[in-house]
Amino acid sequence: MEKKHLNILLFSGDYDKCLAAFILANGAAGMGVTVTIFCAFWGLLILRDPNKMDNDTKDLFEKMFSSFTPAGAEQLPLSKMNLAGVGKTMLLNMMDDKQTPHLQDFLEGAQKKGVKFCACKLSMEIMGFKAEELLSGIEVVDVNNYLQDALQANAQFFI
Amino acid sequence: MEKKHLNILLFSGDYDKCLAAFILANGAAGMGVTVTIFCAFWGLLILRDPNKMDNDTKDLFEKMFSSFTPAGAEQLPLSKMNLAGVGKTMLLNMMDDKQTPHLQDFLEGAQKKGVKFCACKLSMEIMGFKAEELLSGIEVVDVNNYLQDALQANAQFFI
Amino acid sequence: MEKKHLNILLFSGDYDKCLAAFILANGAAGMGVTVTIFCAFWGLLILRDPNKMDNDTKDLFEKMFSSFTPAGAEQLPLSKMNLAGVGKTMLLNMMDDKQTPHLQDFLEGAQKKGVKFCACKLSMEIMGFKAEELLSGIEVVDVNNYLQDALQANAQFFI
């Protein structure tokens, strides 16, 4: 059977939506499907390494933006019922009760399973993020590279 | 002509987004297209039967979660301009003026037209929902079952 | 090589999500891909021409709805961190610093590149928008027309 191919454009920076994206990505990779995740706009927040933040070379807006936005998977808020963090704590407790891994675990699992992560070049430029501030192993690509991958995939999701 | 196949992952629990999903599903089913809707996370709320709520076997977080979230199609809020319900009332009034069916009608129409509804097993576990609390005719499946369906569909939507 | 085909269902009326949709549409059109954008619900707001608003033939709800919603690309809010407009101003400043075009520019670019724009007939009726209030060159089509296009495309996005 021909190898299947799943393409995910991760636009959202919400904990629950990113969780859905990574559950799909890990599930597909486990089935032998080729998976690409292209992170753009708020989806870039998940790729920021909290230990590699570098504000020295940023201008004022970039510094403000960088400081006001979450860095890394576990800092992301919920898309609804976040209730200043209470809803997220409740969800995480419910996940723990069922031994469900957290977002950070799914992200690391995806990397181990060979899911390919790309960061959107244009979004990086607009938001003032540098490649050195990201987790290791992330390729920065432009929208044309992304589209070439997406248009030949068996399924595409905009999340 | 080969029978076409539409796959919808309903993640959202917003009235307007669910309405869009069901208008697509009903339209496609009416054209002879095979349609699968896989409800995950907030999308599960639409499958809850308000007459079958069972909090007796739930733990504390599950009970709180079950009580704070809407049950059934017509209780869902709008994704924007909800304005504590005023915006939704306005939208429903505008829909009534044009004799547009409500979400609950579209849901029942989809079931009559043979649209297949699935509930995400992992989301059910995390949120503490039981299969007996759902509308009848809903199959509970895992992400791998979902992906097999999605990867062979002609179109997939993440809504 | 067979001509590729991208289909976008633009449901969202958020500045950042519409920007993502148009960056994809312009990128694809520039690669010779056939692109259709079907605007439904909040996505219709982007197609309203601020100079062609006509409230005379609207009923009360339609007038209220028309007045409370943004008209045209540049009036749209952000999906998150909008902060009553401050977040959007910051984003626009950051875009200007990198000479990134605004949403309105991308929209006009897409029209020049031959991207096909359609407006959802049912959404137009519900919201009380008239075809004469839209930008020129927009075709009003129903969901079946849309689905026929989507089901034969190489990739579909619900944004």
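**Exercise 1.** Find the bridge partner of C:Phe38 in S3(C).

*Solution.* Start with the strands, which are DSSP runs of E, at least two residues long, numbered from the N terminus. Strand S2 of chain C covers residues 34–39, and strand S3 of chain C covers residues 116–120. The two pair in the parallel sense over 4 bridges; pairing requires at least two DSSP bridges. Within S3(C), C:Phe38 has C:Cys118 as its bridge partner.

The model is predicted: local features need pLDDT of at least 70, side-chain atom pairs count only at pLDDT 80 or more, and totals for chains, interfaces and linings use all residues. Residues are numbered from 1 along each chain as its sequence is written, while chains are lettered from A and ligands numbered from 1 in the order in which they are written.

**Exercise 2.** Place the strands of chain C in their sheet, then add H1.

*Solution.* The order is S4-S3-S2-S1-S5, an open sheet of 5 strands with parallel pairing. At the edges, S4 (139–141) and S5 (155–158) each pair on one side only. From one strand to the next, the twist averages 25°. Now add helix H1 (15–30) of chain C: it lies across S1 (5–10), S2 and S5. H1 runs at about 165° to S1(C). Angles run from 0 to 180 degrees between N-to-C directions, with axes fitted to C-alpha atoms, for helices over the stretch in contact.

**Exercise 3.** Describe the side of chain A that touches chain B.

*Solution.* Count contacts (C-beta atoms, placed from the backbone, within 7 Å). 25 residues of chain A meet 21 of chain B. H1 (15–30), H3 (86–97) and S5 (155–158) of chain A each give two or more residues; helices are DSSP runs of H or I, at least four residues. H1(A) gives the largest share, 7 residues.

Notes. Contact = placed C-beta atoms within 7 Å.
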